[in-house]
Amino acid sequence: CTVLPPSPTNPQINMPKTFAAPVDRLAEAPSFSTFISKARCRPFVLPGFLRDWPALTDHPWRSLEYLRKVAGPGRVVPIEVGSDYRSDDWTQKMMDMDEFLDTLSKFAHGNADGSPILYLAQHSIFMQFPALRNDIIVPDYLYASLPPPDNYPQYAPPRNEDQLVMNAWLGPAGTVSPAHTVGSKDEYDVLVY
């Protein structure tokens, strides 16, 4: 199931044209039992759900200096080039983390030179930079052990201790990642922060 927080500057969630059903905006987080019984693979939005995370407060990921400090010098990360991987001009490359953060800074100030959008996507950032793991709070929903969805009966959770795969997407405004749902694009249930 997908939980999408709205941007503080844009409270509307623009779903892809291929998503037929409206996405519910919940006034408050459902209880664990309600989530298990009613929310299975039905996308919903929880406005403000992440508001108290350290990634937004004490260790803000919007601070490129904080990310530089955590990463340290000489670290290389996989970067996607182009705003949407479905585009013909999209590609990938390995890049120095400092160089990538410099690019994010440039985009924050307008990107007047028209450089392609770069973003870090689907990367096990918490394995590479373990200190960042302390900046997020994993919702209890991820430990629900839900039954397989009807359209994907062979579903099985990740085979690690937590039964979780945690990746990160870091990029500027204008970056696109289509909706993720188990059985269609993704191998596992997806919670998008």
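How many bridges join E5 to E6, and how do these strands run? 2 bridges join them, and the strands run antiparallel. The views below come from a predicted model.

**View 1. The whole chain shows 4 helices and 6 strands.** Along the sequence, the elements follow the pattern β-α-β-α-β-β-α-β-α-β. The protein has 193 residues, and 37% of them are buried. Consider the contacts with a separation of 6 or more: 65% of these come from residues 24 or more positions apart.

**View 2. An open sheet is built from 4 strands in the order E4-E3-E5-E6.** The pairing is antiparallel. Strands E4 (91–96) and E6 (168–170) stand at the edges. Each edge strand has a single partner strand, so one side of each lacks a neighbour in the sheet. On average, neighbouring strands are turned by 35° against each other, direction ignored. Helix H3, residues 97–108, packs on this sheet. H3 touches E3, E4, E5 and E6. The direction of H3 makes about 110° with that of E4.

**View 3. Strand E3 pairs with E4 and with E5.** E3 covers residues 76–81, and E5 covers residues 118–123. Between E3 and E4 there are 6 bridges. Between E3 and E5 there are 2 bridges. Both pairs run antiparallel. On the E4 side, Val77 stands opposite Met95. On the E5 side, Glu80 stands opposite Tyr119.

**View 4. Strand E5 is mostly covered.** Of its 6 residues, 5 are buried. Gln122 lies in this strand. Gln122 counts as partly exposed because its relative accessibility is 41%, between the 20% limit for buried and the 50% limit for exposed. Its backbone also deserves a look: phi is positive, about 50°, although Gln122 is not a glycine. His123 has Ala168 in E6 as its bridge partner.

**View 5. Asp84 sits in the loop between E3 and E4.** Is Asp84 buried or exposed? Asp84 is buried, because its relative accessible area of 11% falls under the 20% cut-off. Which residues does Asp84 touch, leaving out those up to four places away in sequence? The contacts are Trp90, Tyr119 and Val176. Tyr119 links this view to the sheet, as the E5 residue opposite Glu80.

**View 6. Pro116 is placed in the loop between H3 and E5.** With a relative accessibility of 47%, Pro116 counts as partly exposed. Its contacts, apart from neighbours within four places in sequence, are Val81 and Phe107. Phe107 falls within the residue range of H3, 97–108. Val81 falls within the range of E3, 76–81. Trp90 is 26 residues from Pro116 in sequence. In space, the C-alpha to C-alpha distance between Pro116 and Trp90 is 9.3 Å. Trp90 is also one of the contacts of Asp84.

**View 7. Helix H2, residues 64–71, has buried residues that pack against H3.** The buried residues are Leu64, Tyr66, Leu67, Arg68 and Ala71. Arg68 is thus listed among the buried residues of H2. Why can residues spaced along a helix share a direction? An α-helix has 3.6 residues a turn, so residues three or four places apart point the same way. Gly72 follows H2. The phi of Gly72 is positive, near 75°. H3, the partner of the buried H2 residues, also packs on the sheet.

**View 8. The second largest pocket has a volume of about 180 Å³.** Which residues line this pocket? The lining consists of Ser124, Phe126, Met127, Asn160, Glu161, Asp162, Leu164, Val165 and Met166. By class, the lining divides into 5 nonpolar, 2 polar and 2 charged residues. Glu161 and Asp162 are the charged ones. Ser124 and Asn160 are the polar ones.

Definitions and conventions
Residues are numbered from 1 along each chain as its sequence is written. This is a predicted model: local features need pLDDT of at least 70, side-chain atom pairs count only at pLDDT 80 or more; totals for chains, interfaces and linings use all residues. Side-chain values use heavy atoms; hydrogens and water are left out. Two strands pair if DSSP finds at least two bridges between them. Axes are lines fitted to C-alpha atoms, for helices over the stretch in contact, and angles run from 0 to 180 degrees between N-to-C directions. Contact means heavy atoms within 4.5 Å. On a 1 Å grid over the protein atoms alone, a cavity is a set of points where a 1.4 Å probe fits but cannot get out, and a pocket is an open set with protein on both sides within 12 Å along at least five of seven lines; lining residues have an atom within 4 Å of a point. Grid points are joined across faces, edges and corners, and a volume is the space filled by probe spheres set on the points. Buried means under 20% relative accessible area, exposed over 50%, partly exposed in between (1.4 Å probe, protein chains only).
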